[in-house]
Every structure is written in C-alpha cells, then in structure tokens.
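Here are my notes on the model you sent, set out as numbered points. They are meant to be read with the structure open beside them.

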Amino acid sequence: MRVQTTYVGRRASAVAVLAVLLVCCAVAFGQTYLIPWSSVNSGGEPGTGTGMMANGSAGQAVQGEGTATGYKGYWGFWYGVGKKEELPPGWVPGWQEVKSMPNTPTDKAPKDGAWMALHAAGTDANPVIYVAKGNKATDFYMYDPLAGDSGTWYEKKPIPGNEGTKLKPPSKGCVGVSDGVQYVYMTKGNNTLGFWRYDAVANTWDSMPGVPEGPYGKRVKGGTDMVFASYKDTGCVYLLKGYKTEFYRYNPVAGRWDTLPEVPYGGNAKKYDKGSFL
C-alpha cells in the first residue's frame, strides 16, 4: 500500500517573489531519465528564474515570474541534470541552456500565472513539458526535451481567454497539473473560478466545473497550487486555493469538487498567498 503525503508551504514575507517548488515521487512514471530539474526564466541566466520542477514529479505545474525588459523576444529555458546514468543519450550533468521559449503568438514573457507540467502518457512514453506563460497571455506550448539537439517547442491550442461572457485570460492563480495519462488540468486564476482540462491527445480545451467559491466568497488568485494524487484508486486533483486556507479535491470520474479540511494557519496566522505551494 502506498502512502501519499502532501506538504504545504507559505511565503516567508510579503515581498517574496512568486516561487513554487514541488517535490514528488521520483518514480511516478517508472522512468529514470526524467529531467531532474527544470526552470523557466526570462533573464537568460541560470538561477534567475523563479519556477522549478522536481525530478519525476507527477505532472505538477510550477509558477514563475519574469519580465521581458531588456530581453524582448528572448526567454531563457534551462534544465539541470544530476546523475549521469539517469540522462538521455547525449546529455551531460549540470545546467545547460536549451532552446528558448517561443515569443509567438502574443510576444509576451512568462510572468504571473506561468506554469509547467511534466507529462508522460504511460511508462514507455518520452516525457514532455506543457507550458503556459500566464501574464494574461493565452499562449500554450509543449516542450519535448528529447527532440533535436536542445529540445523542440510546439505551439498547442491556445488557452481559452473567456470565462463566461468576460475576457479573463490566465493570470495570478493560474496553475496546471498533469494526470500523467491524457489530461492537464488548469485553474484560470485572474480572480475567477475557472477550471479547465486540456486533452493532450485531441489538442482541445474543455471547461470543467468551476472551483468552489467557498465560505469566504473568494475567487482564485495568487498562492494557488495543485497536485495530482490517487484517492481510493482514483486519480484526483488537490487544490490549495490561494488567499485564504481553503483546500479541495476534484474527482475527474465523478466530475465533482469535494471540500476538505482547511489548511492550518500555523503560528503566525498568515493567509496562504503568493509563494505558497503544495
């Protein structure tokens, strides 16, 4: 029997830069050559990006914040690797700059609401990374680290910009997570309750039941994070709703949100805001 443990963290100060770090089971997909560390940054230097992904994470997305100032048309994308025996052929340990994220179609850099989700459809499939820029951009990509000398980017169907009748593209609180099989789930953020599912096979987006408004009447903002984990043999999305302490589980089979016990405030009684993570 496998025991699933989820950890939650909160930003250390009110001025902390938006940063999310997830550590998951390294054998989630039964592969040994998944990228141990990845980050998106806009400065073109390793270590300046604020988004990271853990080795073998079960598709959990990451958030990052950057700026295009001084780097218009260029967004650095780096990977870091560890043990040599875990690497694909031709890769070497250490940090390497790989092919930069495309600036098309919106010519925007990753910023508030940017995320990455590691995705592998089965134990024999090559892992790929799905990426959204946030920053009120609907750009959506798939990065294949094993295609070409430094990986290859593929433009995918843009993220729907509307929530109902309102224009609400991805922004603060937008996060994504993969089920490791076919789907990537995403909160829209941007002060909405939007919840979407991307079909990696059909390259389509579908609107799902919205995130519960909850007892505080708050919509999804910064500090939100998601993980995908098994509950009673069913893969589910666990959601930390930013701004307060709400915690939910989405069951894709039932198409239902379940309200879970709220996350404790802790000793300093601060809300979960930008920089919080699961």
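1. A salt bridge is taken here as a side-chain nitrogen of Lys or Arg within 4 Å of a carboxyl oxygen of Asp or Glu. With that in mind, please look first at Arg-249, Arg-256 and Asp-258, which are linked in a network of salt bridges. The model is a predicted one, and every distance below should be read in that light.

2. Within this network, the closest N and O atoms of Asp-258 and Arg-256 are 2.7 Å apart. The two partners differ in their surroundings: Asp-258 has a relative accessible area of 16% and is therefore buried, since the cut-off for that term is under 20%, whereas Arg-256, at 41% relative accessibility, counts as partly exposed.

3. How many salt bridges does a search of the whole structure find? The search finds 7, and two further pairs deserve a look. The side chains of Glu-163 and Lys-188 meet with an N to O distance of 2.9 Å. Because Glu-163 lies in strand S8 (residues 162-163) and Lys-188 in the loop between S11 and strand S12 (195-199), this pair ties together parts that are 25 residues apart in sequence. Glu-163 and Lys-188 are both buried.

4. The other pair is Glu-246 with Lys-241, whose side chains form a salt bridge at 3.2 Å, again from N to O. Here too both residues, Glu-246 and Lys-241, are buried. As a general remark, side chains of opposite charge can pair when their charged atoms come close.

5. Turning to the sheet, 4 strands form an open arrangement in the order S14-S15-S16-S17, with antiparallel pairing. S14 and strand S17 (256-260) stand at the edges with a single partner strand each, so one side of each is left without a neighbour in the sheet. On average, and with direction ignored, neighbouring strands of this sheet are turned by 30° against each other. The antiparallel strands S14 and S15 are joined by 7 bridges, and Gly-235, in S15, is the bridge partner of Ser-230.

6. Which residues touch the most other members of the largest nonpolar core? That core has 16 residues, and the ones in question are Tyr-185, Phe-195, Val-211, Met-226, Val-237, Tyr-250 and Trp-257. Two or more residues each come from strand S10 (175-178), strand S11 (183-187), strand S14 (225-231), strand S15 (234-240) and strand S16 (247-251). Apart from this core lies another, of 15 residues, including Val-128, Ala-132, Met-186 and Trp-205. In soluble globular proteins, nonpolar side chains tend to be buried together.

7. Ser-178, which has its place in strand S10, merits separate comment. Ser-178 is buried, with a relative accessible area of 0%, and its side chain is joined to that of His-119 by a polar contact of 2.6 Å. A polar atom of the Ser-178 side chain also lies 2.8 Å from the backbone nitrogen of Gly-180, and both distances can be checked directly in the displayed model.

8. A last point concerns the cysteines. The structure holds 0 disulfides, a disulfide being a covalent bond between the sulfur atoms of two cysteines. Cys-174 counts as buried, at 0% relative accessibility, and Cys-236 is buried as well, with a relative accessible area of 0%.

Note on methods. Residues are numbered from 1 along each chain as its sequence is written. This is a predicted model: local features need pLDDT of at least 70, side-chain atom pairs count only at pLDDT 80 or more; totals for chains, interfaces and linings use all residues. Side-chain values use heavy atoms; hydrogens and water are left out. A nonpolar core is a set of buried Ala, Val, Leu, Ile, Met, Phe, Trp, Tyr and Cys residues joined through side-chain atoms within 4.5 Å. Buried means under 20% relative accessible area, exposed over 50%, partly exposed in between (1.4 Å probe, protein chains only). A polar contact is a pair of N or O atoms within 3.5 Å; within protein, one must be able to donate a hydrogen and the other to accept it, and residues adjacent in sequence count only if both atoms are side-chain atoms. Two strands pair if DSSP finds at least two bridges between them. Axes are lines fitted to C-alpha atoms, for helices over the stretch in contact, and angles run from 0 to 180 degrees between N-to-C directions. A disulfide is a pair of cysteine sulfur atoms within 2.5 Å.
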